[in-house]
Amino acid sequence: MTFPSGSFPLDGVSLDDPVLDGPRLRPRSGGAPDALVVLLHGYGADGRDLIDIGNAWADLLPGALFVSPHAPDPCEGAPVGRQWFPLTFRDPHELTRGAEGAAPLLRDFLAEELAKYDLPPERLALVGFSQGAMMALKLATTAQVAPAAVVAYSGMWVDVTQGQGETSRGDVELPSRPPILLVHGSEDEVIPASALFASARGLAAAGVPVEWHLSQGLGHGIDDEGLFHGGQFLAEFLGKGRR
């Protein structure tokens, strides 16, 4: 099973509505959610691109509600699909600025979802792919209360990578330092695997507990190996009895 970053038709999604929403999977346990896992898709896709990850992890997290919101804006670089922020590939700082600009709406969405199910931030996990991984890492490290865990696939921590350049963040005081797993394909043709190592070094220097996995031979996508490690990582921090 491989989840690419391809685009899908947007049946039933309003291009004018700024309120985030998307596909959901109720807890496999059948009861009230004891955790919230939010899946953030990549550039040019929509929430349906990642929602099946919830089915893959449902046995590991039977009490978790999975939600995969559609990004708020139509994608400027694709005929269909959504974007968290625009990409021009001309401004070396556009990733940082874009993630910062998109963060407030997504932050509000997370707060509303937690309140809806009477869950504390410590029962939230963020999972992102590509541009969605950038958003997950931005939100997690700037939250007032750290989420339980973050899994970032084929992305980067934009606060350290600044596109292709790398800066030291050892002196940065982050509001929160949740456990983070970075997963990347060794043959990623969109975001090079070097971004994984730059992000891992930067996060570790800033005091964030970070782990990483490199899927050999994989391009820009999520393979079974990456799914396995991501699911195990979330189960460690959202497992039964941790609430």
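**Cavity and sheet in a predicted model**

This model is predicted. By the rule applied, there is 1 cavity of 30 Å³ or more.

Q: What makes the space in the largest cavity count as a cavity?
A: A cavity is a set of points where a 1.4 Å probe fits but cannot get out. The largest cavity holds about 40 Å³, and the cut-off for the count is 30 Å³ or more.

Q: Which residues line the largest cavity?
A: The lining consists of Ala-152, Ser-154, Gly-155, Met-156, Leu-182, Val-183, His-184, Leu-196 and Ser-199. S8 and H5 are the elements that give two or more residues to this lining, and S8 gives the largest share, 3 residues.

Q: Why is Gly-155 in this lining counted as polar?
A: Gly is placed among the polar residues by the classification, so Gly-155 is counted there. By class the lining has 5 nonpolar, 4 polar and no charged residues.

Q: What makes S1 and S9 edge strands?
A: Strand S1 (24-25) and strand S9 (210-215) each pair on one side only. The 7 strands form an open, mixed sheet in the order S1-S3-S2-S6-S7-S8-S9.

Q: How do you know that S8 and S9 pair?
A: Pairing needs at least two bridges. Strand S8 (residues 180-185) is joined to S9 by 6 bridges, and the two run parallel, so the condition for pairing is met. Leu-181 stands opposite Glu-211 in S9.

Q: Which strands does helix H5 touch?
A: Helix H5 (residues 194-205) packs on the sheet and touches S8 and S9, with its direction at about 170° to that of S9.

Key: Residues are numbered from 1 along each chain as its sequence is written. This is a predicted model: local features need pLDDT of at least 70, side-chain atom pairs count only at pLDDT 80 or more; totals for chains, interfaces and linings use all residues. Side-chain values use heavy atoms; hydrogens and water are left out. Helices (H or I, at least four residues) and strands (E, at least two) are DSSP runs, numbered from the N terminus. Contact means heavy atoms within 4.5 Å. Axes are lines fitted to C-alpha atoms, for helices over the stretch in contact, and angles run from 0 to 180 degrees between N-to-C directions. On a 1 Å grid over the protein atoms alone, a cavity is a set of points where a 1.4 Å probe fits but cannot get out, and a pocket is an open set with protein on both sides within 12 Å along at least five of seven lines; lining residues have an atom within 4 Å of a point. Grid points are joined across faces, edges and corners, and a volume is the space filled by probe spheres set on the points.
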